[in-house]
Amino acid sequence: MEVQLSTLCYLERDGKYLMLHRVVKKNDINKDKWIGVGGHFEKDESPEECLMREVREETGYTLTSYRFRGIVTFVSGDGVTEYMHLFTADGFEGEPIECDEGVLEWVPKEDISGLNIWEGDKIFFRLLTEEAPFFSLKLVYDGAGGLVSAALNGSPMPLDQQAAAIGAADGAGTEHPKKAGTLLKAAAFVAVAAIAAAAALFWGGTGAGIPENRDGNGGPKGFFNEVPVSLSRAQKDARAAAEVIRSIDTSKYTDKELILVNPWHLLPEAYETDLEYVEYGHRIDECAAEDLREMLADCRAEGNAPMICSSFRERTKQETLFENDVRRFMYRGYSEEDAREETAKNVAVPGSSEHEAGLAVDIVYLRYQSLDESQENNATQQWLMEHCQDYGFILRYPRDKQDITGITYEPWHYRYVGYEAAEEIMSRGICLEEYLGQIDGDGSFEALDSDEW
Ligand SMILES: [Zn+2]
């Protein structure tokens with residue numbers, strides 16, 4: 001058997017990855033596949049030296065900012081095992097050159113999955129997008145390009161989770177035709193980008209390279225989580241007139257499950273979560289973990305395919321995103337105060353997301369992972385909406401409560417509130433704010449405006 005050492009790098013720019021389409025070399029196991037740039041180590045090279053040289057040779061660029069993201073053990077199935085040192089780079093200079101290994105093309109991240117790429121690559125694209133801490137991913141192929149198994153940090157990845165990352169290929173295309181650009185000639189249409197879009201930032205760490213939006217998930221606004229709505233005059237009036245349906249028992253309000261987190265009620269800085277893993281690295285507060293597992297299992301038992309795409313999110317992550325943007329505005333000449341104000345229009349203020357409390361999960365249908373309103377159209381999501389209260393969850397941001405929650409309709413964001421509250425909230429068609437008797441907002445809440453940068 002043969003052992004090889006290599007580097008693999010994805011250069012990022014404007015929401016795109018630089019991809020190499022290997023159309024040139026004959027007898028290349030990557031022939032006609034799209035991969036990152038990189039290559040084999042030369043004598044005495046460190047991973048970084050190999051990276052710099054390969055990127056320069058293949059693209060003409062000199063990297064100025066890169067990160068070592070993980071090691072991929074690639075078992076080809078036909079006698080070769082390759083240890084790929086995986087990097088991403090968001091800074092580079094120089095002029096691009098023609099690559100003699102294939103055709104280089106900047107591909108929007110959301111289109112990557114439609115390319116002819118190795119099945120296992122979809123797993124690490126997801127890990128990259130989710131800002132996973134340095135990881136070790138083992139991918140075993142059958143020699144004919146088929147992925148046999150995958151293991152993350154030494155643990156086999158459960159089949160359904162592999163499917164979550166790779167199996168969504170079939171079918172998704174027919175359900176999501178509007179994204180089927182000409183680039184997407186491969187039959188596979190996994191929404192890696194959608195995975196990316198939906199990816200939880202549960203890994204924490206300091207994000208880099210992903211343009212953050214209000215919810216800190218990156219990408220264009222409106223596509224991700226928790227986009228605050230702008231309140232029209234009529235909505236403000238409606239809010240002012242809204243009847244407080246129920247005054248709550250204040251002792252209940254201090255229950256963890258009933259903590260209110262929204263743009264007007266920030267999570268206390270000292271708030272502590274007791275997190276438990278549910279599946280595939282996703283964590284939720286231990287008070288909700290068992291119920292969540294059960295809900296997913298029962299949902300699957302009915303023939304559905306739910307997938308958690310976002311769960312606990314570190315506050316520090318949100319703070320980093322926020323502070324980075326404040327600094328960006330200050331570089332552009334804003335005073336700190338103005339910079340904070342501008343930033344708050346686009347990035348969720350730390351403490352304002354339920355994900356930070358470890359009580360919320362975003363769940364999507366495996367074969368339709370986009371966070372948009374169409375999410376409500378599949379049977380999986382409908383099952384969840386219908387049954388979530390049996391497991392102590394509520395659909396947190398209903399369509400008709402935007403003016404009260406301050407958040408646009410999200411048919412994927414479920415919040416744990418415990419059985420009693422869930423039953424009442426869902427059966428009466430009210431939202432958490434109404435249940436708690438805490439209807440806020442003074443009309444100062446402004447619309448998003450991220451177009452200026
Ligand atoms: Zn969410």
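Three short exercises with worked solutions follow.

This is a predicted model, in which local features need pLDDT of at least 70, side-chain atom pairs count only at pLDDT 80 or more, and totals for chains, interfaces and linings use all residues. Residues are numbered from 1 along each chain as its sequence is written.

**Exercise 1.** Find where Cys50 sits, and decide whether Cys50 is buried or exposed.

*Solution.*
- Cys50 belongs to helix 1, residues 47–59. Helices (H or I, at least four residues) and strands (E, at least two) are DSSP runs, numbered from the N terminus.
- Recall the cut-offs: buried means 20 or more other C-beta atoms within 10 Å of the residue's own, exposed means 12 or fewer, and partly exposed lies in between, with C-beta atoms placed from the backbone.
- Cys50 has 21 other C-beta atoms within 10 Å, so Cys50 is buried.

**Exercise 2.** Explain why helix 2 is described as largely enclosed.

*Solution.*
- Helix 2 spans residues 119–129.
- Its buried residues include Glu119, Asp121, Phe124 and Leu128.
- Eleven of the eleven residues are buried, so helix 2 is largely enclosed by the rest of the structure.
- After helix 2 comes Glu131, with a positive phi near 60°.

**Exercise 3.** Work out which strands stand at the edges of the sheet with order 13-14-16-15.

*Solution.*
- The sheet is open, with four strands and antiparallel pairing. Two strands pair if DSSP finds at least two bridges between them.
- Strand 13 (306–310) and strand 15 (393–397) each have a single partner strand, so one side of each lacks a neighbour in the sheet. These two stand at the edges.
- Strand 14 (residues 360–365) pairs with strand 16 (residues 410–416) over three bridges.
- Ala360 stands opposite Arg415 in strand 16.
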